[in-house]
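Please work through the exercises below with the sequence and the coordinates open beside you. Each task is followed by a solution that goes step by step.

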Amino acid sequence: MSLLELDSLVRTYPGDPPVRALRGINLTIEHGDYVTVMGPSGSGKSTLLNVIGLLDQPTSGVYRVAGTDTTAISQARRAGLRAAAFGFIFQAFHLLPFRSARENVELAGIYSHATARQRRERALAALERVGLPHKANALPAHLSGGEKQRVAIARAIAGGPEVLLCDEPTGSLDQANGHAIMDLFDQLNGTGITLVVITHDPTVGARGRRRFVMLDGRLSDAD
């Protein structure tokens with residue numbers, strides 16, 4: 001069974017005229033895949049990522065997560081599936097300024113059934129995985145851009161998601177830090193985490209094992 005299956009997905013936003021952000025997307029993502037989607041602003045990349053991450057619903061078509069048709073389940077079940085299956089990484093780090101790195105990572109599990117001790121242990125383990133155990137007590141103001149993104153990645157993986165969804169993850173970083181973050185993605189993918197990365201940067205897009213291009217709401221193979 002495939003991990004993610006998008007079958008003829010369409011997403012249309014109302015307007016005059018309506019905006020067709022996704023136009024019949026077909027995509028299958030397997031366990032452990034590393035998929036990159038390249039394209040200019042306005043091509044539909046973020047809409048695609050939002051639909052994959054269950055933050056938005058398609059207008060038509062079918063989207064399955066591990067065999068579950070997400071277009072036919074309740075909002076509560078969608079929310080539960082989203083929390084269990086996906087971790088999100090964005091261009092902006094979205095760290096709370098008066099919380100330490102560890103506390104920011106712990107917040108990812110605040111709505112889970114984990115105890116405070118379990119959340120702390122998971123946060124410290126996630127910071128270890130991204131190479132920042134020594135920054136656990138640092139506030140975001142005392143972290144570099146690359147370190148902030150590593151904390152955001154730690155937050156995304158702390159709950160053990162199967163899939164990391166990454167929206168322009170190097171867009172706020174210089175080249176050296178961008179390369180370091182992509183190296184970290186390679187390491188995480190090597191442990192079995194599935195990666196879906198959207199980007200306008202061809203260098204980032206080239207890191208994926210399966211590469212696609214998005215233009216005017218249509219997805220095509222980049223190879």
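The exercises that follow concern a helix, its contact with a neighbouring helix, and some backbone features of this predicted model.

**Exercise 1.** Determine how the end-to-end reach of helix H5 compares with the expected span, and decide whether H5 is largely enclosed or largely open.

*Solution.* Begin with the extent of H5, which covers residues 145-157 and therefore has 13 residues, with an expected span of 18 Å at 1.5 Å a residue. In the model the helix reaches 19 Å from its first C-alpha to its last, which is close to that expectation. Next, apply the burial cut-off, under 20% relative accessible area, to each residue of the helix. The buried residues are Gly-146, Glu-147, Gln-149, Val-151, Ala-152, Ile-153, Ala-154, Arg-155, Ala-156 and Ile-157. Since 10 of the 13 residues are buried, H5 is largely enclosed by the rest of the structure. Finally, look for what covers these buried residues: the covering elements include strands E6 (86-90) and E7 (163-167), together with helices H3 (101-106), H4 (116-129) and H6 (175-190).

**Exercise 2.** Describe how H5 and H6 are placed relative to each other, and state which residues meet where they touch.

*Solution.* Start from the axes of H5 and H6, which come within 10 Å and cross at roughly 20°. Because angles under 35 degrees count as roughly parallel, H5 is roughly parallel to H6. The crossing in which H5 passes H6 is right-handed. Then list the partners: on the H5 side, Gly-146, Gln-149, Arg-150, Ile-153 and Ile-157 meet Asn-177, Ala-180, Ile-181, Leu-184, Phe-185 and Leu-188 of H6. Sorted by character, the residues of this contact comprise 7 nonpolar, 3 polar and 1 charged.

**Exercise 3.** Examine the backbone at Pro-17, Ala-66 and His-94, and state what is unusual in view of the general rule that most residues other than glycine have a negative phi and most peptide bonds are trans.

*Solution.* Take the peptide bond first: Asp-16 and Pro-17 are joined by a cis peptide bond with omega of about 5°, and Pro-17 lies in the loop between strand E1 (4-13) and strand E2 (19-29). Turn next to Ala-66, which has a positive phi of about 50° although it is not a glycine, and which is found in the loop between strand E4 (60-65) and strand E5 (68-69). With a relative accessibility of 39%, Ala-66 counts as partly exposed. Lastly, His-94 likewise has a positive phi, near 55°, and sits in the loop between E6 and H3; its relative accessible area of 53% makes His-94 exposed.

Conventions: Residues are numbered from 1 along each chain as its sequence is written. This is a predicted model: local features need pLDDT of at least 70, side-chain atom pairs count only at pLDDT 80 or more; totals for chains, interfaces and linings use all residues. Side-chain values use heavy atoms; hydrogens and water are left out. Helices (H or I, at least four residues) and strands (E, at least two) are DSSP runs, numbered from the N terminus. Buried means under 20% relative accessible area, exposed over 50%, partly exposed in between (1.4 Å probe, protein chains only). Contact means heavy atoms within 4.5 Å. Axes are lines fitted to C-alpha atoms, for helices over the stretch in contact, and angles run from 0 to 180 degrees between N-to-C directions. Angles under 35 degrees count as roughly parallel, over 145 as roughly antiparallel, 65 to 115 as roughly perpendicular and the rest as oblique. A crossing is left-handed if the near helix is turned anticlockwise from the far one by less than a right angle, and right-handed if clockwise. Ala, Val, Leu, Ile, Met, Phe, Trp, Tyr, Cys and Pro count as nonpolar, Asp, Glu, Lys and Arg as charged, and the others, Gly among them, as polar.
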